[in-house]
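Student: I'd like a close look at one part of this model, with the salt bridges in view. Could you walk me through it in one go?

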Amino acid sequence: MLKKKIEDICNRQVEREGYSSNLYLAMASWAETNGFSGVAAWLYTQSDEERLHMLKFIKYINERGGKAVMPALKKPAAEFKSVEDVFKEVLKHEEFVTASINEIVALTLEEKDFNTHNFLQWFVFEQVEEETSVRNVLDKIRLVGKNNMYQFDRDILSLRTPAANAQSNP
Ligand code: FEO
């Protein structure tokens with residue numbers, strides 16, 4: 001049985017993963033309507049992954065005797081300045097999610113909830129993977145230059161790591 005404190009913070013993470021999925025959908029829609037089909041495909045895939053992260057938390061909470069509660073989600077922005085700005089925002093958001101996961105990990109230790117601690121290890125590794133993946137994208141934008149977005153858009157899907165591709169194509 002989950003302690004109330006752990007259930008509540010896991011439900012907070014349901015909201016954060018759900019918002020991540022919506023945020024990346026909003027970015028994908030912006031990219032798609034501005035001619036960046038590769039960037040849009042990357043973001044749609046990322047959005048699907050975030051929904052899976054949300055589901056993992058929902059199922060875990062319910063399986064451990066708690067109750068997952070579906071949150072209202074904040075409306076993400078619809079306009080972005082550039083592709084580079086989109087990915088800078090993705091990185092900032094992923095760093096926020098990493099801090100959020102770490103906060104739950106710390107609470108599980110404080111509360112001696114080793115089952116939830118174990119469950120969270122997947123997310124700890126996943127956040128390293130996701131931050132690395134976005135930093136690689138930003139490095140590539142710097143390499144090709146902001147004026148060569150056609151080439152960047154064409155190549156972006158090859159930047160996904162094998163682990164990330166395996167996760168989205170189980
Ligand atoms: Fe589920 Fe990218 O954090």
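Student: Let's start with E103: what is its relative accessible area, and is E103 buried, partly exposed or exposed?

Tutor: Keep in mind that this is a predicted model. E103 has a relative accessible area of 41%, so it counts as partly exposed; the window for that label runs from 20% to 50%.

Now for its partner. E103 forms a salt bridge with R12, and the closest N and O atoms are 3.2 Å apart. That pair links distant parts of the chain, with R12 in helix 1 and E103 in helix 3, 91 residues apart. R12 is partly exposed too, at a relative accessible area of 25%.

Zoom out for a second: a search of the whole structure turns up nine salt bridges. Another one joins the side chains of K3 and E111, at 3.1 Å from N to O. K3 sits in the segment before helix 1 (4-33) and E111 in the loop between helix 3 and helix 4, so this pair ties together parts that are 108 residues apart in sequence. The two ends differ in exposure: K3 is partly exposed at 41% relative accessibility, whereas E111 is buried at 15%, because buried means under 20%.

Staying with helix 3 (residues 83-110), K88 is found there as well. K88 is partly exposed, with a relative accessible area of 43%. K88 and V137 are 49 residues apart in sequence, yet their C-alpha atoms are 9.6 Å apart in space.

On to helix 4, which covers residues 114-144. Its 31 residues reach 46 Å from the first C-alpha to the last, close to the 45 Å expected. Along the way, helix 4 bends by about 30 degrees at L120. D113 caps its N-terminal end, with a side-chain oxygen 3.4 Å from the backbone nitrogen of N115. At the other side, just after helix 4, G145 takes a positive phi of about 90 degrees.

Helix 4 also has a salt bridge of its own: R142 pairs with D139, the closest N and O atoms being 3.3 Å apart. Both residues lie in helix 4, three residues apart, about one turn of the helix. Why does that spacing work? An α-helix has 3.6 residues a turn, so residues three or four places apart point the same way. R142 counts as exposed at 52% relative accessibility, while D139 is partly exposed at 41%. Finally, salt bridges that share partners join K3, K5 and E111 into one network.

Methods: Residues are numbered from 1 along each chain as its sequence is written. This is a predicted model: local features need pLDDT of at least 70, side-chain atom pairs count only at pLDDT 80 or more; totals for chains, interfaces and linings use all residues. Side-chain values use heavy atoms; hydrogens and water are left out. Helices (H or I, at least four residues) and strands (E, at least two) are DSSP runs, numbered from the N terminus. Buried means under 20% relative accessible area, exposed over 50%, partly exposed in between (1.4 Å probe, protein chains only). The expected span of a helix is 1.5 Å times one less than its number of residues. The bend at a residue is the angle between axes fitted to the seven residues ending there and the seven starting there. A polar contact is a pair of N or O atoms within 3.5 Å; within protein, one must be able to donate a hydrogen and the other to accept it, and residues adjacent in sequence count only if both atoms are side-chain atoms. A salt bridge is a side-chain nitrogen of Lys or Arg within 4 Å of a carboxyl oxygen of Asp or Glu.
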